[in-house]
2 protein chains.
Amino acid sequence: MMHSDNPTLAEKLATAIADGILNGTLRPGLRLDETGLAQQHGVSRTPVREALRQLTMSGLIDMRPRKGAIVSKATPEQVESLFVAMAEMEATCARLAAMSMTPVERRRLQARHEAMTALAGAGDPDAYSNANVAFHSAIYAGAHNAPIAEYTLGLRRRVGPFRRAQFQVEGRLTKSNQEHDAVVRAILSGDAAGAHAAMLHHVGLVEDAFEAFAGIKVA
Amino acid sequence: MMHSDNPTLAEKLATAIADGILNGTLRPGLRLDETGLAQQHGVSRTPVREALRQLTMSGLIDMRPRKGAIVSKATPEQVESLFVAMAEMEATCARLAAMSMTPVERRRLQARHEAMTALAGAGDPDAYSNANVAFHSAIYAGAHNAPIAEYTLGLRRRVGPFRRAQFQVEGRLTKSNQEHDAVVRAILSGDAAGAHAAMLHHVGLVEDAFEAFAGIKVA
DNA sequence: TTGCCTGATATTGCATACAAGCAGCCTGCC
DNA sequence: GGCAGGCTGCTTGTATGCAATATCAGGCAA
């Protein structure tokens, strides 16, 4: 996405900090002290500042002049917005994929889906989860639209921390696979509207699963 | 979007450079020399570097380590992708707006639309164009989804330089207004799929107008 | 003439130094 | 006892200096 052959310190710091945020090491609301980060990574403040400014644009941190940077903490409404946005973008990708995928891409998508059906039948949540990521990525790529695909990928990264342990829910595996089936059929047949609706349904259900999960946690 | 009460030099530089790119002063492919920009704005290289790194994320410029920054020049395919993405995002906003707009927002949208109908009848392209921007912005806001709305706004800014003089085309004004009518009706009636389709149709036609225009220019 | 190597130049990347603004506290006054 | 004002320390914002690398011109050899 943003990788360069010979990443600079600022870029490496940006990915390091982003990783820290995404895997939960850097908690939302945490103050990102420039000097502290610099010492912690053994560099000067300059690349740290550049990394922070870069991360600001992706929404991972919030900077206010003269008041420093903090890990942007999402209110429940903002998390909800992220999930809604995610669903819409996934659906859009599916729509575009139905219109734009090449025959080769369509065949590969089908093969991928069939392999996942087998995994779902075997009941292997871990393998299925990995394959699932690749499945959705294939659809992003199949949209043949760099801005949309990149934004969707970025959203997926951002919502990642909030959607752990989806496939542990009983029966979610086969249900997910059935929904995938609808998506794949629509895409393969070039049914743009159908792909949009099917993906929306699919991701919407995932979101509901999250909400149920969150509700349990809160309660 | 990103404005602060007391903008730093880096932020002011970022907006200044972005303006320069968007209004055509800074041509695509132009090398953005840090020292030059610093002298030109009467500051040191440090805030310039931060501004450039910030702009990198929005896609306006491309930075490669040790090779400096250039105004990102879009190939025709990339411009096409931007327009497609724009259309999809507009349609998504319309879809969400149909589902999420409050009664007040719906009434205001209708009023806005009626005012634009009058402008179209009067044949005032300039006033119509301004109102058009506000009309679409109202729909973004009506989506009630910050990530989607902000991304769509950013896209509109980016495609701006490529879509000048849309409403000069004969008959475009009334046609645009008719399409708006379909969009507004769908949104007001809560018809999500209809709003999506109507907006897609609307923005798709605008894109075609651009392509015709570009074709003429090239030919 | 063409290709490659080599050195000079210029530009970027990073570190350090300096200036400016905010936070919290302490003191003095009401 | 409470509050206003100022002061101190810390953090951010900006400038400058140094090191490393890409670019390009020129020369040399094939």
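**Figure 1. The cysteine C93(B) in its setting, and its counterpart in chain A.** In this predicted model, C93(B) counts as buried, with a relative accessibility of 0%. C93(A) is likewise buried, and its relative accessible area is also given as 0%. A disulfide is a covalent bond between the sulfur atoms of two cysteines. Over all chains, however, the structure holds zero disulfides, and a reader looking at C93(A) or C93(B) should therefore not expect to find such a bond at either residue.

**Figure 2. The fold of chain A, shown as the background for the closer views.** Chain A contains nine helices and three strands, and from the N terminus on these elements follow one another in the order α-β-α-α-β-β-α-α-α-α-α-α. Of the 219 residues of chain A, 46% count as buried. Among the contacts in chain A with a separation of 6 or more, 71% are accounted for by residues that lie 24 or more positions apart.

**Figure 3. The interface of chain A and chain B.** The size of an interface is often given as the accessible area lost when the parts come together. Here the area buried between chain A and chain B is about 2900 Å², and carbon and sulfur atoms give 62% of that area. On the side of chain A, the residues E50(A), R53(A) and M57(A) supply 23% of the area that this chain buries against chain B, which is more than any other three residues supply. The contact takes in 33 residues from chain A and 32 residues from chain B. Across this interface there are 13 residue pairs in polar contact, counting pairs in which both residues have pLDDT 80 or more. The side of chain A that touches chain B draws at least two residues from each of the helices α1 (9–22), α3 (45–57), α4 (76–100), α7 (146–159) and α9 (192–218) of chain A. The largest share of that side, ten residues, comes from α4(A). Sorted by class, the side of chain A that touches chain B has 17 nonpolar, ten polar and six charged residues.

**Figure 4. Salt bridges that cross between the chains.** Side chains of opposite charge can pair when their charged atoms come close. The structure holds twelve salt bridges over all chains, and the count between chain A and chain B is six. In one of the pairs between chains, the side chains of R95(B) and E88(A) meet with a distance of 2.5 Å from N to O. In another, the side chains of E50(A) and R49(B) form a salt bridge at 2.8 Å, again from N to O. This pair runs from helix α3 of chain A, which holds E50(A), to helix α3 (residues 45–57) of chain B, which holds R49(B). Its two members are not equally accessible, because E50(A) counts as buried at 4% relative accessibility, whereas R49(B) counts as partly exposed at 26%.

**Figure 5. Salt bridges within each chain, and a network that joins residues of both.** In chain A, R45(A) forms a salt bridge with E34(A), and the closest N and O atoms are 3.1 Å apart. The pair links distant parts of the chain, since R45(A) lies in helix α3 and E34(A) in helix α2 (residues 34–41), eleven residues apart. R45(A) is partly exposed, at 42% relative accessibility, while E34(A) is buried, at 16%. In chain B, the side chains of R45(B) and E34(B) meet in a salt bridge with an N to O distance of 3.1 Å. R45(B) lies in helix α3 of chain B and E34(B) in helix α2 (residues 34–41), so this pair ties together parts that are eleven residues apart in sequence. Here R45(B) is partly exposed, with a relative accessible area of 41%, and E34(B) counts as buried at 16%. A network of salt bridges links E34(A), R45(A), R49(A) and R53(A) with E50(B).

**Figure 6. The loop residues R66(A) and R66(B).** Most residues other than glycine have a negative phi, and most peptide bonds are trans. R66(A) is not a glycine, yet its phi is positive, at about 65°. R66(A) lies in the loop between β2 (61–64) and β3 (68–71) of chain A, and it counts as exposed at 83% relative accessibility. In chain B, R66(B) also has a positive phi, of about 70°, although it is not a glycine. R66(B) is found in the loop between β2 (61–64) and β3 (68–71) of chain B, where it is exposed, with a relative accessible area of 85%.

Key. Residues numbered from 1 in each chain as written. Chains lettered and ligands numbered in written order. Heavy atoms only, no water. Disulfide = S-S within 2.5 Å. Buried < 20%, exposed > 50% of the residue type's maximum accessible area, 1.4 Å probe, protein only. Contact = heavy atoms within 4.5 Å. Buried area = accessible area lost by both parts, 1.4 Å probe. Salt bridge = Lys/Arg side-chain N within 4 Å of Asp/Glu carboxyl O. Polar contact = N/O pair within 3.5 Å; in protein donor to acceptor, adjacent residues only side chain to side chain. Helix = DSSP H or I, 4+ residues; strand = E, 2+ residues; numbered from the N terminus. Nonpolar A, V, L, I, M, F, W, Y, C, P; charged D, E, K, R; others polar.
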